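Me: Got a minute to go through a model with me? I'd like to talk about how its helices and strands pack.
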Amino acid sequence: MLISRFHTVPRFGLPYTPLDFAAALAAIFGGTKLPDAFGLLGDSAKFWTRSGRQALRLLLTALDLRPGSGVALPLFTDPSLVSAIVSAGHRPVFIDVDPRFLTMDPNSLEAKRGTFSALVVVHLFGQMADIPALQLAGGEVPLIEDAAHAPLSYLNDRMAGSFGLASFYSFASTKYWPAGGGGLAVVNDASLARKLARATEALSSPSRIEELRNLALQAAKALLFTRELYGILGKPIRRWAEKWAILEPSLDLKAIQHSYAAAASRQALRFAKRVERQRANSLRLLSHLDTIEDIVLPRERPGALYNYHMFPVLLRDREERAPVMAAMWKQFVDTSMIYCDVVQQCRRFGYRGTCPQAESIVDRLITVPNHAALTSHDIDGVAQVFRSSLLACRNVKPSCSGLPVSAHNVACGVEMAGATSTSMQSALQREPTDVF
Ligand SMILES: Cc1ncc(COP(=O)(O)O)c(C=O)c1O
């Protein structure tokens, strides 16, 4: 079906199905036993948490650092990590990012060595950070991996979350497991696991009313994110809901909602297939956009395999962003400028302008839809809409052979690692089913 006002392409997919809703509702009333669905994240000890940010706060507390210790994190990430660090009684130390991969820059980390006692590495948008280089640059400090975007992303055949002392995931409604909220801490160290077990047992259960209210909001959000409703209702309402932070997790000491845990467990059962599809879509987008000049595309770091939770594109300059986004939405393809206010937010927590790359990225980044439910035909349409919008904005006429190869992209020297594996090729041929 064509992309139109009544069949738009929302910025993110929200694959929350009626059966997820039914499982969530049953969990509120029945307390059914949940399937052990998270074996796909390895064998380490796992603990449900209220949110990703709460998982980080509990993990930092369990590390028993001295109060007021520095905790290093990339400036370009979700600002909730900063609140988690501060609420654990510590001080954020902001590190710059590498614009090719949007993850923490080892050189910037090394320059701040000695000012932090723990390190939070974020695999942003599913793109693996260079953990070996960061461990060298950061020295012998405990490492926590933020894998909220990175379930089933790999570096050198090791899964995200398996490098550090611990890692955490999120089930918020824009994540790969959009259960509505909740998180999971995965702990690779026995003594830390014992401490986390005690901390999570002490969390209080949310009330049934709260569970029902949030479940209704999550179901409504999933409905508004359908392609049929997003253009006429979803996008206008989303702006309003974001302003009022509806469904935004808070950093309290409650346990995960039973309903979220149930929906996340169901979603985990179909997760690997979804990643396969979303990765195939992303590699297809990459191949379409490969020749455009002066943009940075999410090519895989050598040795890495991304889950492509999102498809970030770094534009040439800040002037380009608003017109490109507007032109794309005119053609009913929605984009986002995620984390665009992170620098202002972090200034309130002591950021003093030491991360020029991250500051430039917040003004230039958009995400382009790549969700698993989009067909190959949709992806071709999204690529075409992006290309024509950017060209119109740059006032360039397309040549019949496409645009010249970008010197910048070539300079990055990153190959499309593993892009043509047999399973990916076959996924490319298949159309998705409604489980996505
Ligand atoms: C990269 C990243 N890490 C952590 C979090 C926090 O997760 P939660 O919203 O479940 O607290 C987010 C939330 O958006 C995020 O984007």
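What follows is a chat about helix contacts and strand pairing in this predicted model.

Me: Let's start with helices. At what angle do α1 and α9 cross?
Reply: Roughly 140 degrees, with the axes of α1 (residues 18-30) and α9 (residues 258-269) coming within 7 Å. That makes α1 oblique to α9.

Me: Is that crossing left-handed or right-handed?
Reply: The α1 and α9 crossing is right-handed.

Me: Which residues of α1 and α9 meet there?
Reply: On the α1 side you have Leu 19, Asp 20, Ala 23, Ala 24, Leu 25, Ala 26, Ala 27 and Ile 28. They meet His 258, Ser 259, Ala 261, Ala 262, Ala 263, Arg 266 and Gln 267 of α9. By class, the contact of α1 with α9 has 10 nonpolar, three polar and two charged residues.

Me: What about α1 and α7, how do their axes cross?
Reply: The axes of α1 and α7 (residues 208-224) cross at roughly 175 degrees and come within 10 Å. Those two helices are therefore roughly antiparallel to each other. Phe 21, Ala 24, Leu 25 and Ile 28 of α1 make the contact with Arg 208, Glu 211, Leu 212, Leu 215 and Ala 219 of α7.

Me: How many polar residues in the contact of α1 with α7?
Reply: No polar ones; the residues there are seven nonpolar and two charged.

Me: Switching to strands. How many residues of β10 are buried?
Reply: Five of five, over residues 166-170. Ala 166, Phe 168 and Ser 170 are buried on one side of β10, and Ser 167 and Tyr 169 are buried on the other.

Me: Why do they split between two sides like that?
Reply: Because in a regular strand the side chains alternate between the two faces of the sheet.

Me: And which strands does β10 pair with?
Reply: β7 (residues 143-146) pairs with β10 in the parallel sense over three bridges, and Ile 144 stands opposite Ala 166. β11 (residues 183-187) pairs with β10 in the antiparallel sense over five bridges. One of the bridge partners there is Gly 183, which goes with Ser 170.

Me: There's another sheet with β8 in it. What's the strand order?
Reply: β9-β8-β12, an open sheet of three strands with antiparallel pairing. β9 (158-159) and β12 (304-305) each have a single partner strand, so one side of each is left without a neighbour in the sheet.

Me: How many bridges join β8 to β9?
Reply: Two, with β8 being residues 154-155. Leu 155 stands opposite Arg 158 in β9.

Key
Residues numbered from 1 in each chain as written. Predicted model: local features only at pLDDT ≥ 70, side-chain atom pairs only at ≥ 80, totals over all residues. Axes fitted to C-alpha atoms, helices over the stretch in contact; angles between N-to-C directions. Helix = DSSP H or I, 4+ residues; strand = E, 2+ residues; numbered from the N terminus. Parallel < 35°, antiparallel > 145°, perpendicular 65-115°, else oblique. Left-handed = near helix turned anticlockwise from the far one by under 90°. Contact = placed C-beta atoms within 7 Å. Nonpolar A, V, L, I, M, F, W, Y, C, P; charged D, E, K, R; others polar. Buried ≥ 20, exposed ≤ 12 C-beta atoms within 10 Å, placed from the backbone. Pairing = 2+ DSSP bridges.
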